Amino acid sequence: MHDPQSALAAPQAADLLRLYPAGGSLFVSPRRAVLAQGRHATLPHGPAATLAERAAALLAAVRAEGVARPLLLGAVPFNQDAPAHLFVPEGVVFGHGVDGPAPIAQPRLPAQRDAAAEAAPSPDRYRRNVARALAHIGDGALEKVVLSRSLKVEADVAVPALLRRLAGRNPRGYTFAIDLPEQDDERRTLVGASPELLLSRRGMQVVSHPLAGSIPRSADPVEDQARAERLFGSAKDRHEHQLVVDAVAQALRPYCTGVHVPAGPSLVSTPSMWHLATEIRGDLADPRHGALELALALHPTPAVCGHPTDAARSFIEEVEGFDRGFFTGLVGWCDADGDGEWAVTIRCAEVGERSATLYAGAGIVAGSEPALELAETSAKLRTMLNAMELESVLEDAA
């Protein structure tokens, strides 16, 4: 394993993206890139309450074998009772983050315009789900709930080329490919380009950068700017965003001597969306609290579940109509010293050898409109569909 601190000898993120092989694992952030191959040790399934403790014990055991800086990589699902997929790779190469000087090439992919697609839930049912959520919000049972959609596409997706396209389109994001256990004798990969940092820890500094409150972008520059300004001034979206900021800050305070929250949100953009965002920083009180433990203390935030959390989770399980799997969980890495980066698993797909399942969600609060929330999920699905050259499938499924 290579020393992650050897910055001068580290390759560029673009190099690691080019080197990524099918069946490997990759996590690229603005600060660091990690390319991994194989599985030296896999964390067995166990109680969610002990996940961080068991992960730390596995890293300590691998370090005791003589590995100087072992790394734990993988993904944790939305449902914390479902099995996480976390492992120590056989080999790791660390590189500079995507903010480095080398540009990320975006290879062309062959269009697959005849690809079949199936949405779950259907557009009509999704609008009904939103209307039902609004009724619960009106009754006071919920203040916010995030409702999602999945889209299964029958297509042959080349993961290495897809990763380079995703990283090139949103260099400020968190691009990942996590090799998953085979299912029905088929190789699967969790692939995505999340714009949202759940938590990073570097030494005694922790950072979370939640996003909540969104609007689709426009190809017309004037309209695009107008939409950004409308989002920034929206009382509904600011309320939705503040619920997330308050929850993240509250969850971090027991671990920190100080938590620093800006007075208001900022605007961030991806190729398809504008978002309200707030970067929250904390000064860690005890170095024994590692990045995974801190990330799990935040998960799930109201940005992916809702508020109150238990009521929102129950509503999602009742009406959403599909298993989210790793979508809206967390994806990333941590080391035996407790440092690491964990992104929220959004703008993602689970890619098999013959099909891919994509996911997108929208936060529902008082004032939400079913048709607009459906349009928001379609815009978010386009991040992956555009990168796959499959945008045309939304004509029938959105």
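Okay, let's start with a helix: α7 is mostly covered, with 6 of its 8 residues buried. The buried ones are Ala291, Leu292, Leu294, Ala295, Leu296 and Leu298. Before I go on, please keep in mind that this is a predicted model.

So what does α7 lie across? Helix α7, residues 291-298, lies across β4, β5, β11, β12, β17, β19 and β20. Relative to β11, helix α7 runs at about 150°.

Those strands bring us to the sheet. How many strands form it, and in what order? There are 9 strands in this open sheet, and the order is β3-β5-β4-β19-β20-β11-β12-β17-β14. The pairing is antiparallel. At the edges stand β3, which is 41-42, and β14, which is 256-260. Each of those two has a single partner strand, so one side of each is left without a neighbour in the sheet. As a reminder for anyone new to this, strands of a sheet pair through backbone hydrogen bonds, either parallel or antiparallel.

Let's zoom in on one pairing. Strand β4, residues 71-76, and strand β19, residues 330-335, run antiparallel and are joined by 6 bridges. If you want a spot to click on, try leucine 73, which stands opposite tryptophan 333 in β19.

There's another helix on this sheet, α6, residues 235-252. Helix α6 lies across β11, β12, β14 and β17, and runs at about 5° to β17. Hold on to α6, please, we'll come back to it.

Next, the nonpolar packing. Which residues have the most contacts inside the largest nonpolar core? Those are Leu72 and Leu292, in a core of 62 residues. And α7 gives the most to this core, with 6 residues. Apart from it lies another core, this one of 35 residues, including Val153, Leu358, Leu381 and Ala387.

Now, what does leucine 72 touch? Leaving out residues up to four places away in sequence, leucine 72 touches Ala55, Leu58, Leu59, Leu86, Phe87, Val88, Leu292, Gly332, Trp333 and Cys334. You'll spot Leu292 in there, one of the buried residues of α7. Trp333 is on the list too, and tryptophan 333 is the residue opposite leucine 73.

Let me move to a separate set of strands. Is β2 enclosed or open? In strand β2, residues 32-37, 5 of the 6 residues are buried, so it is largely enclosed by the rest of the structure. Strand β1, residues 25-28, is joined to β2 by 4 bridges, and the two run antiparallel. Between β1 and β2 there's a hairpin with 3 residues connecting them. Within that pairing, leucine 26 has leucine 35 as its bridge partner. Strand β2 also pairs with strand β6, residues 91-96, antiparallel again, through 6 bridges. There, alanine 33 stands opposite glycine 95 in β6.

Okay, charges. Side chains of opposite charge can pair when their charged atoms come close. How many salt bridges does a search of the whole structure find? It finds 23. Here's the one I'd look at with α6 in mind: glutamate 240 with lysine 144, where the closest N and O atoms are 3.2 Å apart. This pair links distant parts of the chain, with glutamate 240 in helix α6 and lysine 144 in strand β8, 96 residues apart.

Are these two partners buried or exposed? Glutamate 240 has 5% relative accessibility and counts as buried. Lysine 144, at 0%, counts as buried as well.

What else does lysine 144 reach? Its side chain comes to 2.9 Å from the backbone oxygen of proline 302. Residues that lysine 144 touches include Ala212, Leu243, Val244, His307 and Ile364, again leaving out residues up to four places away in sequence.

Compare that with two other salt bridges. Arginine 281 pairs with glutamate 279, the closest N and O atoms being 3.1 Å apart. Arginine 281 is partly exposed at 37%, and glutamate 279 is partly exposed at 35%. Then there's arginine 354 with glutamate 353, at 3.8 Å between the closest N and O atoms. Arginine 354 is exposed, with a relative accessible area of 52%, while glutamate 353 is partly exposed at 41%. And finally, Arg63, Arg69 and Asp337 are joined into one network by salt bridges that share partners.

That's my tour, thanks for listening!

Key
Residues are numbered from 1 along each chain as its sequence is written. This is a predicted model: local features need pLDDT of at least 70, side-chain atom pairs count only at pLDDT 80 or more; totals for chains, interfaces and linings use all residues. Side-chain values use heavy atoms; hydrogens and water are left out. Two strands pair if DSSP finds at least two bridges between them. Contact means heavy atoms within 4.5 Å. Axes are lines fitted to C-alpha atoms, for helices over the stretch in contact, and angles run from 0 to 180 degrees between N-to-C directions. A nonpolar core is a set of buried Ala, Val, Leu, Ile, Met, Phe, Trp, Tyr and Cys residues joined through side-chain atoms within 4.5 Å. Buried means under 20% relative accessible area, exposed over 50%, partly exposed in between (1.4 Å probe, protein chains only). A salt bridge is a side-chain nitrogen of Lys or Arg within 4 Å of a carboxyl oxygen of Asp or Glu. A polar contact is a pair of N or O atoms within 3.5 Å; within protein, one must be able to donate a hydrogen and the other to accept it, and residues adjacent in sequence count only if both atoms are side-chain atoms.
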